[in-house]
2 protein chains.
Amino acid sequence: MARKTGSHSEITGPRIRAEASRLFARHGFAAVSMRQIAAAVGVQAGALYLYTPDKEALLFDLLKTHMEELLAAWHTEPKGAEPLEALERFVRFHIGFNLMRSEAVFLSYMELRNLSEANFAVIEGLRRAYETELEEILKAGQAAGALSVPDTKLATMAIIAMLTGVNTWYREGGRLSRDTVETIYWDMVRKAVGA
Amino acid sequence: MARKTGSHSEITGPRIRAEASRLFARHGFAAVSMRQIAAAVGVQAGALYLYTPDKEALLFDLLKTHMEELLAAWHTEPKGAEPLEALERFVRFHIGFNLMRSEAVFLSYMELRNLSEANFAVIEGLRRAYETELEEILKAGQAAGALSVPDTKLATMAIIAMLTGVNTWYREGGRLSRDTVETIYWDMVRKAVGA
DNA sequence: GTCTATAGCAGGATAGAC
DNA sequence: GTCTATCCTGCTATAGAC
């Protein structure tokens with residue numbers, strides 16, 4: 001029997017997260033109301049509180065899940081045997097994954113200040129762990145003489161900023177394919193680290 | 001005669017912009033109330049409307065002024081005679097200016113979506129004009145054979161993202177001086193463009 | 001030019017019916 | 001699990017006294 005209202009707990013939770021992510025990315029966390037999220041999902045505002053204790057916890061859940069999936073995805077990538085191979089994999093992985101999850105990436109950069117101190121520290125820790133992955137590649141490459149940078153920490157920050165920047169201008173169906181963009185950026189990174 | 005309340009139009013206007021900039025950068029445009037800004041300035045909320053027609057116009061004024069000052073400052077820089085000299089000047093200028101105006105830079109990246117369509121277009125135009133300055137340097141360098149990039153447009157975006165990223169981690173009094181950071185980044189940029 | 005006061009509305013979150 | 005109704009708070013912006 002069809003009915004207007006009923007139980008949908010398995011589907012409503014994910015839909016709330018998806019719509020919240022979309023709305024937060026588009027308008028900003030503070031500018032989006034619980035009523036707007038509820039309307040996008042197709043439920044009443046009160047129903048959201050069955051799935052999250054409050055608005056901030058909803059944001060935290062989105063950011064934490066994203067960062068954990070980013071790290072998990074990177075860890076399943078085949079490791080390059082040589083340092084330059086590992087670096088190329090990182091460059092391509094970062095661009096590819098970030099374009100695939102552009103909404104969540106955007107949130108992770110823009111909405112950190114809306115987290116409580118404790119929750120901020122958690123996300124910050126995950127971000128640092130990811131950055132360390134790249135820095136270790138650079139250090140290993142430097143030690144092996146496969147590349148040469150003035151400062152591995154600064155090179156790490158520079159490369160990540162450069163790669164993440166792709167998200168600000170890349171549009172599907174534009175002038176260049178994702179793969180071409182990855183290749184061009186890999187070329188610039190390779191040269192930048194003196195390899 | 002001293003008095004508690006009175007005329008301060010010459011000083012209140014700039015103070016409103018300064019406090020609004022600080023608060024918007026720290027908490028986000030949507031999360032800051034007109035009451036908070038007024039309290040920081042030391043006036044009542046109603047008084048703000050003598051200086052701005054509404055909250056969005058206040059943000060637009062901050063962003064527009066910043067972008068215009070950025071372009072004006074760049075245009076007063078001595079131009080390099082050779083392409084590589086010009087590129088080095090751009091790199092050092094961008095890092096230096098952005099660190100000096102970190103609040104406004106942050107706003108210009110984070111709060112664009114809180115502008116009306118028309119105001120957004122104005123800021124976007126100024127940003128594009130600035131990017132074009134770098135792209136012209138790269139094109140000239142490419143034509144002169146002083147450097148080699150796969151794509152000047154992508155190299156422009158990559159370099160700007162990389163340089164602007166300094167703002168996310170640089171802290172005065174940290175491990176490296178501003179000048180050292182500029183030199184390290186210039187080294188990476190120079191190599192990245194194959195010079 | 002600034003103040004106090006307030007109109008008019010929207011927000012987060014909860015209570016209790018179904 | 002969802003809905004309706006509501007509490008309480010805070011917001012932008014304006015009116016009118018000083």
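**Close-up views of the chain A–chain B, domain and DNA contacts**

**View 1. Four salt bridges are found across the interface of chain A and chain B.** The model shown here and in the other views is predicted. One of the ion pairs joins the side chains of R113(A) and E111(B), with N and O 2.8 Å apart. Polar contacts between chain A and chain B link eight residue pairs, both members of each having pLDDT 80 or more. On the side of chain A that touches chain B, at least two residues come from each of α1, α6 (102-110), α8 (152-164) and α10 (178-192) of chain A. That side of chain A divides by class into 21 nonpolar, six polar and eight charged residues.

**View 2. Chain A and chain B bury about 2700 Å² between them.** Carbon and sulfur atoms give 67% of this area. Chain A puts 35 residues into the contact, and chain B puts in 36 residues.

**View 3. Chain A is assigned two domains, domain 1 (7-52) and domain 2 (55-192).** Their centres, taken over C-alpha atoms, are separated by 28 Å. In the contact, 15 residues of domain 1 of chain A meet 12 residues of domain 2 of chain A. The two domains bury about 1300 Å² between them, and 70% of that area lies on carbon and sulfur atoms. Of the area that domain 1 of chain A buries against domain 2 of chain A, 44% is supplied by F24(A), A25(A) and F29(A), more than by any other three residues. F24(A) and A25(A) fall within α1 (9-27) of chain A.

**View 4. One salt bridge is counted between domain 1 and domain 2 of chain A.** R17(A) and D61(A) form a salt bridge whose closest N and O atoms are 3.9 Å apart. R17(A) belongs to domain 1 (7-52) and D61(A) to domain 2 (55-192). The separation of 3.9 Å qualifies because the cut-off for a salt bridge is within 4 Å. Five residue pairs, both members at pLDDT 80 or more, are in polar contact between the two domains. On the side of domain 1 of chain A that touches domain 2 of chain A, α1 (9-27) and α2 (34-41) of chain A each supply at least two residues. The largest share of that side, eight residues, comes from α1(A). By class, this side of domain 1 of chain A holds 10 nonpolar, three polar and two charged residues.

**View 5. DNA strand D has 19 residues around it.** Those that come nearest are Q44(A), L50(A) and Y51(A) of chain A, with M34(B) and R35(B) of chain B. The surface near DNA strand D is made of six nonpolar, nine polar and four charged residues. At least two residues of this surface are supplied by α1 of chain A, and at least two by α2 (34-41) of chain B. M34(B) and R35(B) lie within α2 (34-41) of chain B.

**View 6. Phosphate oxygens of DNA strand D lie close to polar atoms of Y51(A), Y49(B) and K55(B).** From the side chain of Y51(A), an N or O atom is 2.5 Å from a phosphate oxygen of the strand. For the side chain of Y49(B), the corresponding distance to a phosphate oxygen is 2.8 Å. K55(B) instead presents a polar backbone atom, 3.2 Å from a phosphate oxygen of DNA strand D. Among the atoms of DNA strand D within 4 Å of the protein, 69% belong to sugar or phosphate, and bases account for the rest.

Notes: Residues numbered from 1 in each chain as written. Chains lettered and ligands numbered in written order. Heavy atoms only, no water. Domains from an automatic or database assignment. Contact = heavy atoms within 4.5 Å. Buried area = accessible area lost by both parts, 1.4 Å probe. Polar contact = N/O pair within 3.5 Å; in protein donor to acceptor, adjacent residues only side chain to side chain. Helix = DSSP H or I, 4+ residues; strand = E, 2+ residues; numbered from the N terminus. Nonpolar A, V, L, I, M, F, W, Y, C, P; charged D, E, K, R; others polar. Near = heavy atom within 4 Å.
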